[in-house]
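User: I should like to learn how to read the main features of a structural model. Could we go through them one at a time?

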Amino acid sequence: MALASHTALARRRFEITGIVQGVGFRPFVGALAARHDLAGHVRNTGAGVEVEVEGRGDLLDAFAAALRDEAPAAARVERLDEEVVPPRGDAGFRIAPSLLDGAAAAIGPDLGTCGDCLRELFDPADRRFRYPFLTCTACGPRFTIVRALPYDRERTTLAGFPLCPACRSEYEDPSDRRFHAEAIACPACGPRLSLELGRAVAVLRDGGILAVKGLGGWHLACLADDEAAVARLRARKARDAKPLAVMTAAPDLVVELDAPERELLEAPARPIVLARRRSGAPVAEGVAPGSPWLGVVLPYTPLHHLLAHDTGRPLVMTSGNRSDEPIATGDAEARARLGSIADAFLGHDRPIHRRCEDSVMRGSFPVRRSRGLAPAALGLPVGAARPLVAAGGQLKSTFCVAAGRRAWMSPHLGDLDAPAARRAFREDLELYLGMLGVRPQVIAHDLHPGYAATAWALEQDAELVPVQHHHAHAAACLAEHGRTGPALALVFDGTGLGTDGTLWGGELLRCDLASFERVAHLEPVPLPGGEAAVREPWRVAAAYLERAGRPVPWERWTLVRQALAVNAPASSGMGRLFDAVAAVLGVREQVGYEGQAAIELEHLAAGVAAEAYPCRVEDGILRGGDLVARAHDDHAAGGAREEVAAAFHEGVAAAAARACALAAEPRTVVLSGGTFQNLRLLGSVRARLTAMGFEVLSHRRVPPGDGGLSFGQAAVAAGRMAPCA
Ligand code: ZN
Ligand code: ZN
Ligand code: FE
């Protein structure tokens, strides 16, 4: 009996969901069927991949095991359903035409050029030698070129490039690594550059600024070791302080990499990784003024590899935009928006369908989750009972679409203060909903009426779920760990609107996905002049010093002081406390970009051992003023700024841990909010809480800052819709 069922002809059907399109999954299944001598078919569906195979029962078992165990590296199988169906007597195995249906599906992220393609790129004997658009099933554009699903060439921006006979035979050969690679091309049939590569390289070598069309948008490039070229780029781009990323094929010449940083840098996602600058690195001071850190990225398209190779120097590679606008994607758009910045344009005729900026990683978390990571689905610990959109925040904007247990966060859109970013928000959301086949019934949004994303939400014809800013941060961290709470949450950031109408941002919450209570918070200070105090940290420092009975060293305070009576919203933002101490130490009195003063204060404290400054925690209030007063006194007494900065960091961490100890329950603490991008603070808080016996969860997959807010809003909305919540 057992033997008979083992050798008798049988047929099975597999439904596979996850990231299984555009990652070589169908060729993999084809090769597997051939190995096990099975007939049948594989095809892409709107939901994923469907496989039907028939043959001997024992071979079907082996096939099913291999399907689970040997999936291509770039694939992520979320679910594999298997059922027995009646045999049909198929002869041979084939890749069937895609099945169109409206079910939500996910396309894979764009992947950096793989090792096999790189060898071909620099092999004079290869027919794709120095061809800037070579790809295979393991690498190349996906998300940024897909117009619609299922993922087939005719629904990508390569539809206008019919395959030549040589490419077609690779595409149709199950043993070839380009078997059904939808983006393949060659010099005979594929896209072409708009400018001769030699001329582009000459522009760079002469110190010029080159606009380069990348995967998800245009970049601006110049020699990273040419101080004058970097200064020109900054001046023309109107970016005077923010660090610029460096692209190099030899990262060890410019930064010190530890093992986890190297792994992140070399991952197929190819993010920008913030790492310690190597002393004597051939990188102009103007690339990251005053910073011990450099953002580095490996070349991730064949065109980048050619540029890096032919210039032989590290290149600045920064988004093709002005200040905080979204990246330019279209060719005409790039020429219009970047015409006054770039000396030459290195474009091509493969259109970009979706914008996607570079991802940025620091430590083990994303600062910006974008190219190579979006649009991979994130799991929700509680399924969304109805499909929803979460609108996100104002700065570092993203939105998030969720259906069931899956949530798709958009790539980074920029700051919604800019009209171009608000347009991108609407356009990209339409693209996302179309791609996923989702019609939202619920919209989650921040409480702040001044956020463009909130204004958009209020215009929609859907059920609205308002979510408090810091609850969303906490929920993002809980949800990415698959937790629903309850937990304690330390949420430290610059600002966010509280339920009492004041500005929060130094919060200890007790929460689950659906609700929260405010357990403790930083003592609020008035922000003299409101927004102006965010740009000018000295104003906050003055307010703290005056309250502490210390002298205010700035003469202009006599003028600004009047704002206390008319325009001085109270804020408990932790970012403002860091700003104040930075100003007291003379690190920075005015900022050029969000978080600059706090980042520089962290640099100052780096690696310096110090005893924590005392900070009272009483009746749910963290007396941050104690820390400012002590920093002032030690600085005035001639204490080293590095030591004051370090003792301040430890003081914040100790007070935060003390607040958790007083709250006592539950025994899990999540750490979120943009201030936790500070590695010194993150490490110290984690160590102190762990020593007290708390379980500590921090971000790994979603940014701690406002870039992760939309995912947290989606988790809260799902939590509130859950039947038992
Ligand atoms: Zn490849
Ligand atoms: Zn070809
Ligand atoms: Fe925030």
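User: Which spacing do the donors of the zinc ion (ligand 1) follow along the chain?

Analyst: Two remarks on the model come before the reply. This is a predicted model, in which local features need pLDDT of at least 70 and side-chain atom pairs count only at pLDDT 80 or more, while totals for chains, interfaces and linings use all residues. Residues are numbered from 1 along each chain as its sequence is written, chains are lettered from A and ligands numbered from 1 in the order in which they are written, and side-chain values use heavy atoms, with hydrogens and water left out. As to the general idea, donors are N, O and S atoms within 2.8 Å of the metal (3.2 Å for Na, K and Ca); water is not among the atoms, so sites may look incomplete. For the zinc ion (ligand 1), the donors follow C-x2-C-x18-C-x2-C along the chain. The pair C117 and C136 links distant parts of the chain, 19 residues apart: C117 is in helix α4 (residues 115–121) and C136 in the loop between α4 and α5 (165–172). Helices (H or I, at least four residues) and strands (E, at least two) are DSSP runs, numbered from the N terminus.

User: Which atoms coordinate the zinc ion (ligand 1), and what is the geometry of the site?

Analyst: Coordination is by the SG atoms of C114, C117, C136 and C139, at 2.3 to 2.4 Å. For geometry, four donors count as tetrahedral if all angles lie between 85 and 135 degrees; four count as square planar and six as octahedral if opposite donors are over 155 degrees apart and all others between 65 and 115; anything else is irregular. Here the 4 donor atoms give angles of 102 to 122 degrees, and the site is tetrahedral.

User: Are C117 and C136 buried or exposed?

Analyst: Buried means under 20% relative accessible area, exposed over 50%, and partly exposed in between (1.4 Å probe, protein chains only). C117 and C136 are both buried. For a residue in the other class, consider G549, which is exposed with a relative accessible area of 61%. G549 is placed in the loop between α15 (537–547) and α16 (557–560).

User: How is the zinc ion (ligand 2) coordinated?

Analyst: The SG atoms of C164, C167, C186 and C189 coordinate the zinc ion (ligand 2) at 2.2 to 2.3 Å. The angles among these 4 donor atoms are 102 to 117 degrees, and the site is tetrahedral. The donor residues are spaced C-x2-C-x18-C-x2-C in sequence. C164, in the loop between α4 and α5, and C186, in the loop between α5 and α6 (197–205), link distant parts of the chain, 22 residues apart. Both of these cysteines, C164 and C186, are buried.

User: Why is the arrangement around the iron ion (ligand 3) irregular?

Analyst: The arrangement is irregular because the 4 donor atoms subtend angles of 84 to 169 degrees. These donors are H469 (NE2), H473 (NE2), D493 (OD) and D706 (OD), at 2.1 to 2.3 Å. Along the chain their spacing is H-x3-H-x19-D-x212-D. H469 lies in helix α13 (residues 469–480) and D493 in strand β20 (residues 487–497), so the pair ties together parts that are 24 residues apart in sequence. H469 and D493 are buried.

User: What is the strand order in the open sheet of 5 strands?

Analyst: Two strands pair if DSSP finds at least two bridges between them. In this open sheet the order is β4-β1-β3-β2-β5, with mixed pairing. β4 (76–85) and β5 (93–95) stand at the edges with a single partner strand each, so one side of each is left without a neighbour in the sheet. Strand β2 (residues 39–44) pairs with β5 in the parallel sense over 3 bridges, and V42 has I95 as its bridge partner in β5.

User: Which strands form the open sheet of 4 strands?

Analyst: The order is β17-β16-β18-β19, and the pairing is mixed. The edge strands, β17 (400–409) and β19 (463–467), each pair on one side only. Within this sheet, strand β16 (residues 378–390) and strand β18 (residues 442–446) pair in the parallel sense over 3 bridges, with V442 in β18 as the bridge partner of L388.
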